[in-house]
Amino acid sequence: MVGIKDRPVRIGIIGAGMGYIHVKNLKKCPEAEVETVALCDVNEERAKHVASEFGVPNVFTDHKEMLKQDWIDAVLVCTPNYLHAPMTLDAFKAGKHVMCEKPMAMNATEAAEMVAAGKKAGKTLMMAFNNRFRADSQLLKKFIENGELGDIYYAKTGWIRRKGIPGCGGWFTTKEKAGGGPLIDIGVHVLDLTLWLMGNPRPVSVMGSAYNKFGPAAAKERGGTFDVEDLAVGLIKLDNGATLFLEASWASHIAKEQIYTSLIGTAGGADLDPLRIYKDIHGVPTDVSPQFKPVSGHEMEIKHFVQRLREGKEPMSTGQHGLDIMNILDAIYKSMETGKGVDI
Ligand SMILES: NC(=O)c1ccc[n+]([C@@H]2O[C@H](COP(=O)([O-])OP(=O)(O)OC[C@H]3O[C@@H](n4cnc5c(N)ncnc54)[C@H](O)[C@@H]3O)[C@@H](O)[C@H]2O)c1
């Protein structure tokens, strides 16, 4: 792929919700490297409001109109989940690079189409897995790559909330627009982070369960739909022999919200967040607390996307990683329906 080196990369954003965070972070990048040239949202008022706050010169309400503009190099797809695949395919057809918000798509079939379309167009598809870009994640990855944990054979990860259903009754809790509940919304973040720390082993089989005990009543109070799970659990076997436990919930009777990853390896273990490393040093069990300056994962993620477009190199979080994750999520939902393990 040819890099965009001699002028700023020109970015258009579709969806002004999460798109707001991206345009804000893009403004922190050097002007010589990137420009946010267009913002599209069906809610014109929202788009204009965000565009005027950050000085984005062009506003569209139809993403296909925006994609026709040959002065746009890349787009950020930040719309509800059911639009990720069709908009990414439209963008590749129009010859644009894409960074797509999580979850990649509604299911693995759509995700596979996105990967294939990107390859056919010869364009970049980066998945917006922002947690990889946090300073603690990057530091732990360095420790792992330098062998501090040895072989990681077991990991646990989860994002479980006591009360935290996003947009209860709206698109987030409607299966045909979101694809699923907390598993596909927040589970996807910690699943990606953990698989990446483990070196992206491929999934082999999955056993999963999901429940919806609180959501439907909460949506009934507010009006609207809730036909997704509010808690899901998965046990994932990986092709390097390792096992990964995953849990995600928007509502559950727990003390407080927990977002965690625990890795267990032959030479050491580690927790995030906070970052701690556990080793035997001179035969003594020892906890290590690395010092680091926190950075925003969202800010580093968008800088990485721009940098890789400028260098003409593949990004760190690829469409294939997104597809592997969609395969796991599909298998957890299938296992929930059948009550049996699912081979991938
Ligand atoms: N990475 C993260 O930390 C993170 C955080 C929040 C949301 N997200 C993801 O970002 C995506 C959007 O979530 P959100 O919280 O911003 O939702 P949101 O509902 O706040 O915003 C979505 C926006 O998309 C617009 N939109 C809908 N249909 C459109 C269309 N056809 N064309 C153009 N615009 C359209 C809506 O008008 C709305 O402004 C979701 O996939 C979500 O999972 C990621």
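The following dialogue concerns the ligand site and the domains of this predicted model.

Tutor: Local features here need pLDDT of at least 70, side-chain atom pairs count only at pLDDT 80 or more, and totals for chains, interfaces and linings use all residues. Residues are numbered from 1 along each chain as its sequence is written, and side-chain values use heavy atoms, with hydrogens and water left out.

Student: Which residues surrounding the ligand are the closest?

Tutor: Met18, Asp41, Arg46, Asn81 and Lys102 are the closest of the 23 residues around the ligand; a residue belongs to this shell if one of its heavy atoms lies within 4 Å of the ligand.

Student: What makes the approach of arginine 46 to an oxygen atom of the ligand a polar contact?

Tutor: An N or O atom in the side chain of arginine 46 is 2.7 Å from a ligand oxygen atom. A polar contact is a pair of N or O atoms within 3.5 Å, so the pair qualifies. For asparagine 81, a polar side-chain atom is 2.7 Å from an oxygen atom of the ligand. For glutamate 101, the distance from a polar side-chain atom to a ligand nitrogen atom is 3.0 Å.

Student: Why is the ligand said to lie between domain 1 and domain 2?

Tutor: Domain 1 (9–129 + 298–317) and domain 2 (132–297 + 326–343) both contribute residues to the shell around the ligand, so the ligand lies between them. These bounds come from an automatic or database domain assignment.

Student: How many residues of each domain are in contact with the other?

Tutor: Contact means heavy atoms within 4.5 Å; 20 residues of domain 1 are in contact with 21 residues of domain 2. The C-alpha centres of the two domains lie 25 Å apart.

Technical notes:
Polar contact = N/O pair within 3.5 Å; in protein donor to acceptor, adjacent residues only side chain to side chain.
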